[in-house]
Amino acid sequence: MPDGCILGECPVCGDLIWECEWDITSDEKMVHEKCLLEAEFNKEKTDIVVDLQQRIKKKDEQIQGLLLVIRDIEQGANPKFYRDRVNSIINL
Ligand SMILES: [Zn+2]
C-alpha cells in the first residue's frame, strides 16, 4: 500500500505517483521509479523522431528551392546566374 502524499500523475502509466515511489527523468519529469526506464526510452524515441522530422523538413526546403531553380532555367533564365543560389540552397 503506497504511503505519503500523492505527488502527481505519471505521464508513462497514468496512475497517481505516491511520495514513496517517485523518480525523475533526465528532462525533469516526475514518474514512478518503475516507469523511469520506459520514460527515458520514450524520450529518446521522441527526440529522434523530432530530429528526423527537422532533417526531412530541411531537405524538403532544399528540394523545393532547387525545383524553383530548375523551373526558372527551363523557362529561359541564364543558368550561370544560379550557381550561387544553388550553392546557398545546398548549404542550408
Ligand atoms: Zn508510472
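Q: Before we get to the helix, what counts as buried here, and what as exposed?
A: A residue is buried if 20 or more other C-beta atoms lie within 10 Å of its own, exposed if 12 or fewer, and partly exposed in between, with C-beta atoms placed from the backbone.

Q: And what sort of model is this?
A: This is a predicted model, where local features need pLDDT of at least 70, side-chain atom pairs count only at pLDDT 80 or more, and totals for chains, interfaces and linings use all residues. Residues are numbered from 1 along each chain as its sequence is written.

Q: OK, which elements does the protein chain have, going from the N terminus?
A: The order is β-β-β-β-α-α, so 2 helices and 4 strands, where helices (H or I, at least four residues) and strands (E, at least two) are DSSP runs numbered from the N terminus.

Q: How far does H1 reach?
A: Helix H1 covers residues 36–74, 39 residues, and runs 56 Å from its first C-alpha to its last. That's close to the 57 Å expected at 1.5 Å a residue, the expected span being 1.5 Å times one less than the number of residues.

Q: Is H1 largely in the open or buried?
A: Largely in the open, because the number of buried residues among its 39 is 1.

Q: What about Gly-65, buried or exposed?
A: In between: Gly-65, which is in helix H1, is partly exposed, with 16 other C-beta atoms within 10 Å. Gly-65 and Lys-29 are 36 residues apart in sequence, and their C-alpha atoms are 40 Å apart in space.

Q: What comes just after H1?
A: Gly-76, with a positive phi of about 110°.

Q: Zooming out, what's the radius of gyration of the protein chain?
A: The protein chain has 25 Å, where a compact globule of 92 residues would be near 12 Å. The radius is taken over C-alpha atoms, and the globule rule is 2.2 Å times the number of residues to the power 0.38. Along its principal axes, the C-alpha trace spans about 80 × 20 × 15 Å.

Q: How much of the protein chain is buried?
A: 7% of the 92 residues.

Q: Which residues make up the largest nonpolar core, then?
A: There are 6: Cys-10, Val-12, Ile-17, Val-31, Cys-35 and Ala-39. A nonpolar core here is a set of buried Ala, Val, Leu, Ile, Met, Phe, Trp, Tyr and Cys residues joined through C-beta atoms within 7 Å.

Q: What is Cys-35 in contact with?
A: Leaving aside neighbours within four places in sequence, Cys-35 is in contact with Cys-10, Val-12 and Cys-13. Contact means that the two C-beta atoms, placed from the backbone, lie within 7 Å.

Q: Switching to the strands, how do S1 and S2 run?
A: Antiparallel: 3 bridges join S1 (residues 6–9) to S2 (residues 16–18), and strands pair if DSSP finds at least two bridges between them. They form a hairpin with 6 residues between them, and Gly-14 in the turn has a positive phi of about 85°.

Q: Where does Glu-9 sit?
A: In strand S1, opposite Leu-16 in S2. Glu-9 is partly exposed, with 13 other C-beta atoms within 10 Å. Beyond four places in sequence, Glu-9 is in contact with Gly-14, Leu-16 and Ile-17. The C-alpha atoms of Glu-9 and Met-30, 21 residues apart along the chain, are separated by 8.2 Å.

Q: Last one: what's the phi of Glu-28?
A: Near 65°, a positive value in a residue other than glycine. Glu-28 lies in the loop between strand S3 (22–24) and strand S4 (30–32), and is exposed, with 6 other C-beta atoms within 10 Å.
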